[in-house]
Amino acid sequence: MKTYSQKSSEIAREWWIIDASTLPLGKLAVVIADKLMGKSKVTYTPHTDNGDYVVVVNAKNIKVTGDKMTDKHYYRHSGFPGGLTDLTLAEIIEKDPTLAVKSAVAGMLPKNKLQAERMKRLRVFAGAEHTHTAQTPKEIK
C-alpha cells in the first residue's frame with residue numbers, strides 16, 4: 001500500500017465561520033488552527049498547505065478563564081533602549097480585539113514556512129458582521 005501525498009493542484013478549500021464568544025480563547029485558537037492546517041481533512045499532508053479559510057466574528061466578546069484579563073501580558077519592543085511596551089489582555093481587547101485572536105492562533109500554528117500563508121486565510125472581525133457572505137461559510141459548532 002502506498003502512502004498518499006496530496007498535490008497542490010488537488011487542494012479544495014472551504015470557508016468556515018466561528019463565533020468567538022462561544023469558546024474560551026485557547027480552545028477557540030485550537031479549533032481555528034486545526035481548520036487552517038487542514039488536519040481535519042482525510043487528505044492532510046504535513047508538507048502541503050491544504051487548510052481552509054476561517055472567518056471569526058465577535059472577537060470583542062472573547063472569553064477567558066481565571067484572571068487572564070489582567071494577568072496575561074503582550075509584549076513588544078521598538079528596538080530602542082527602554083522601548084519595551086507591555087499591554088494586558090483587557091487593554092488589547094479595548095484597543096484592537098482582533099489582535100488577541102490572531103496572536104492566539106499564531107501561537108497554535110507550527111513555526112515553519114507555511115505559517116504566513118495559513119495566517120493570511122484567517123479573517124477576524126470585532127463585531128457580528130463580516131464581509132465574506134458571498135463565500136457562504138459553513139458554521140463551526
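These legends describe close-up views of a predicted model.

**View 1. Tryptophan 15 and tyrosine 53 form an aromatic pair.** The structure holds one such pair. The ring centres lie 4.3 Å apart and the planes meet at 5°, so the pair is stacked. Stacking requires planes under 30 degrees apart. Tryptophan 15 belongs to strand β1, residues 15–19, and tyrosine 53 to strand β2, residues 53–57. The pair therefore links distant parts of the chain, 38 residues apart. Tryptophan 15 is buried, with a relative accessible area of 16%. Tyrosine 53 counts as partly exposed, at 22% relative accessibility.

**View 2. Strand β1 runs parallel to strand β2.** Five bridges join the two strands. Isoleucine 17 has valine 55 of β2 as its bridge partner. Between the strands the chain passes through helix α1, residues 25–37. This β-α-β crossover is right-handed. β1 is mostly covered, with four of its five residues buried. In a regular strand, side chains alternate between the two faces of the sheet.

**View 3. Strand β6 also pairs with β1.** β6 spans residues 138–139. Two bridges join it to β1, and the two strands run parallel. Opposite isoleucine 17 stands glutamate 139 of β6. Isoleucine 17 thus has a partner in β2, valine 55, and another residue opposite it in β6, glutamate 139.

**View 4. Lysine 138 meets both an acidic side chain and an aromatic ring.** The side chains of lysine 138 and glutamate 14 meet in a salt bridge, 3.0 Å from N to O. Glutamate 14 lies in the segment before β1 and lysine 138 in β6, so this salt bridge ties together parts that are 124 residues apart in sequence. The charged end of lysine 138 also sits over the ring of tryptophan 16, 5.5 Å from its centre. Lysine 138 is partly exposed, with a relative accessible area of 42%. Glutamate 14 is partly exposed too, with a relative accessible area of 30%.

**View 5. Aspartate 52 and lysine 41 meet in a salt bridge.** The N to O distance is 2.8 Å. Both residues lie in the loop between α1 and β2, so the pair ties together parts that are 11 residues apart in sequence. Are aspartate 52 and lysine 41 buried or exposed? Both are buried.

**View 6. Lysine 141 forms a salt bridge with glutamate 139.** The closest N and O atoms are 4.0 Å apart. Lysine 141 is exposed, with a relative accessible area of 86%. Glutamate 139 counts as exposed at 53% relative accessibility. Glutamate 139 is also the β6 residue that stands opposite isoleucine 17.

**View 7. Asp49, Arg118 and Arg121 are linked in a network of salt bridges.** Side chains of opposite charge can pair when their charged atoms come close. A search of the whole structure finds seven salt bridges.

**View 8. The charged end of lysine 72 sits over the ring of tyrosine 74.** The charged end lies 5.4 Å from the ring centre.

Note on methods:
Residues are numbered from 1 along each chain as its sequence is written. This is a predicted model: local features need pLDDT of at least 70, side-chain atom pairs count only at pLDDT 80 or more; totals for chains, interfaces and linings use all residues. Side-chain values use heavy atoms; hydrogens and water are left out. Rings of Phe, Tyr and Trp (its six-membered ring) pair if their centres lie within 6.5 Å; planes under 30 degrees apart count as stacked, over 60 as edge-to-face and the rest as tilted. Buried means under 20% relative accessible area, exposed over 50%, partly exposed in between (1.4 Å probe, protein chains only). A charge sits over a ring if NZ of Lys or CZ of Arg is within 6 Å of the ring centre and within 35 degrees of the ring normal. Two strands pair if DSSP finds at least two bridges between them. A crossover is right-handed if, with the strands pointing away from the viewer, the path from the first strand over the helix to the second runs clockwise.
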